[in-house]
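Student: I should like to learn how to read this structure step by step. Where may we begin?

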Number of protein chains: 2
Amino acid sequence: MRHLPKSIQRVMEELGKLPGIGPKSAGRLAFYLVKRPREQAELLGDAIRHLHETIRFCSTCFNLTEADPCLICTDQHRDAALLCVVEQPLDTVALEKTEFNGRYHVLGGAISPIDGIGPAQLRLRELIERLKRDPAIKELVIATNPSLEGEATALYLQKQITEAGLKIQITRIAHGLPMGGDLEYADAVTLTRAMEGRRAYSS
Amino acid sequence: MRHLPKSIQRVMEELGKLPGIGPKSAGRLAFYLVKRPREQAELLGDAIRHLHETIRFCSTCFNLTEADPCLICTDQHRDAALLCVVEQPLDTVALEKTEFNGRYHVLGGAISPIDGIGPAQLRLRELIERLKRDPAIKELVIATNPSLEGEATALYLQKQITEAGLKIQITRIAHGLPMGGDLEYADAVTLTRAMEGRRAYSS
């Protein structure tokens with residue numbers, strides 16, 4: 001390393017801080033960028049440098065956005081009756097690839113006492129207020145992760161909504177075998193959930 | 001994607017051009033950077049943006065450097081008798097982690113007619129000239145990759161040096177079983193090479 005140009009060392013060091021990029025990958029990426037036309041490094045560098053500048057949270061759904069309220073919250077073609085609760089902005093990216101046409105509420109994480117994240121650190125109060133404020137919302141799909149934290153958050157949320165006396169149908173996104181997956185390799189928890197969630201063929 | 005802030009889309013797009021980073025990884029990395037303090041994105045962005053600015057090729061060994069000649073070529077503690085030929089600058093990074101204490105010559109690739117890379121596209125002529133110019137060099141270790149292209153380049157180089165009438169010992173870096181590897185999983189070519197390269201225990 002000591003003989004490497006400092007500019008390469010710096011790129012390797014900063015890339016190495018990213019999740020899933022070890023020292024070897026960082027080296028390969030840095031040298032790849034050196035071999036490519038200078039413009040490619042400049043475009044990537046500028047994009048990352050200015051990443052934060054125009055981004056804020058939507059004050060309605062707390063997704064990341066450049067305009068407030070965000071494009072989804074202001075989209076009149078969305079089904080106003082359907083609201084989907086997710087943990088992270090990235091989750092909305094995954095759901096936007098589906099047929100789902102409702103709106104979102106991004107909690108900003110899940111309840112995790114071990115990480116010091118309680119209900120107060122999440123956008124839970126804002127969700128309850130949004131539900132009270134917006135009578136158009138008829139169904140709340142809880143799509144927190146199928147993890148311990150995600151389940152705890154889903155339960156907590158359910159309780160809060162009931163206590164607030166809100167007349168809203170609460171649903172949970174289905175858990176079961178992933179498509180293309182192999183029953184043989186599925187873990188017991190997934191299989192148990194898949195069994196519990198079994199549906200009758202309509203006859 | 002269409003609902004994502006443009007700044008995030010741009011980072012995902014540019015990251016996705018890097019080798020080994022697919023659309024999903026690009027998304028994860030971009031959102032990771034959004035969650036981290038703004039300074040981290042700025043440091044990474046600046047490092048990448050300015051990567052090319054101070055880098056050039058060493059006019060002696062053709063490694064990447066900020067000073068010409070490079071730190072290795074000017075290092076008087078190096079063994080002047082030993083020169084190691086590699087394909088890429090990144091190869092010197094790997095070799096610098098070993099006990100090797102000679103100098104390098106970076107070819108800039110390997111002969112690969114299918115990619116339009118012939119001897120003229122590599123720093124082969126410069127190597128021959130360097131060998132003629134520098135009588136201190138006694139041994140040339142050819143450390144091109146153990147691939148079809150690397151082997152072809154090694155052979156070509158050997159022939160060129162003989163034709164030039166240079167009295168230099170030419171060696172090839174050893175091929176065999178990687179340390180920690182499992183004989184059972186080694187491919188036939190590696191095993192053949194490992195057998196051919198077997199050495200007697202000194203008795």
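Tutor: Let us begin with strand pairing: two strands pair if DSSP finds at least two bridges between them. Please keep in mind that this is a predicted model. In chain B, Leu82(B) stands opposite Glu139(B) in β5(B).

Student: How many bridges join strand β3 and strand β5 of chain B, and in which sense do the strands pair?

Tutor: Strand β3 (residues 82-86) of chain B and strand β5 (residues 139-142) of chain B are joined by four bridges, and the pairing is parallel.

Student: In what order do the strands of the chain B sheet stand?

Tutor: The order is β4-β3-β5-β6 (chain B), an open sheet of four strands with parallel pairing. Its edges are β4 (103-106) and β6 (169-172) of chain B, each of which pairs on one side only. From one strand to the next, the twist averages 25°.

Student: Which strands do helices α5 and α6 of chain B touch?

Tutor: Helix α5 (residues 124-133) of chain B lies across β3, β4 and β5 of chain B, at about 150° to β4(B). Helix α6 (residues 148-163) of chain B packs on the sheet and touches β3, β5 and β6 of chain B, its direction making about 175° with that of β6(B). These angles run from 0 to 180 degrees between N-to-C directions.

Student: What is the strand order in the sheet of chain A?

Tutor: In chain A, four strands form an open sheet in the order β4-β3-β5-β6, with parallel pairing. Because β4 (103-106) and β6 (169-172) of chain A stand at the edges with a single partner strand each, one side of each is left without a neighbour in the sheet. The twist in this sheet averages 25° from one strand to the next.

Student: Which residue is the bridge partner of Cys84(A) in β5(A)?

Tutor: The partner is Val141(A). Strand β3 (residues 82-86) of chain A and strand β5 (residues 139-142) of chain A run parallel and are joined by four bridges. As for the helices of this chain, α5 (residues 124-133) of chain A lies across β3, β4 and β5 of chain A, at about 150° to β4(A). Helix α6 (residues 148-163) of chain A lies across β3, β5 and β6 of chain A, at about 175° to β6(A).

Student: How is the size of an interface often given?

Tutor: It is often given as the accessible area lost when the parts come together. Here chain A and chain B bury about 5300 Å² between them, 69% of it on carbon and sulfur atoms. In chain A, the residues that lose the most area to chain B are His3(A), Ile48(A) and His52(A), together 13% of what that side buries. By contact, 55 residues of chain A meet 55 residues of chain B.

Student: How many salt bridges are counted between chain A and chain B?

Tutor: The count is four. One pair is Arg49(A) with Glu42(B), whose closest N and O atoms are 3.5 Å apart. Another joins Glu42(A) and Arg49(B), at 3.4 Å from N to O. That pair crosses from helix α3 of chain A to helix α3 (residues 38-49) of chain B.

Student: How many residue pairs are in polar contact between the chains, and which element supplies the largest share of the chain A side?

Tutor: Twelve residue pairs between chain A and chain B are in polar contact. The largest share of the side of chain A that touches chain B comes from α3(A), with eleven residues. By class, that side has 28 nonpolar, eleven polar and 16 charged residues.

Definitions and conventions. Residues are numbered from 1 along each chain as its sequence is written. Chains are lettered from A and ligands numbered from 1 in the order in which they are written. This is a predicted model: local features need pLDDT of at least 70, side-chain atom pairs count only at pLDDT 80 or more; totals for chains, interfaces and linings use all residues. Side-chain values use heavy atoms; hydrogens and water are left out. Contact means heavy atoms within 4.5 Å. Buried area is the accessible area (1.4 Å probe) that two parts lose on being put together, summed over both. A salt bridge is a side-chain nitrogen of Lys or Arg within 4 Å of a carboxyl oxygen of Asp or Glu. A polar contact is a pair of N or O atoms within 3.5 Å; within protein, one must be able to donate a hydrogen and the other to accept it, and residues adjacent in sequence count only if both atoms are side-chain atoms. Helices (H or I, at least four residues) and strands (E, at least two) are DSSP runs, numbered from the N terminus. Ala, Val, Leu, Ile, Met, Phe, Trp, Tyr, Cys and Pro count as nonpolar, Asp, Glu, Lys and Arg as charged, and the others, Gly among them, as polar.
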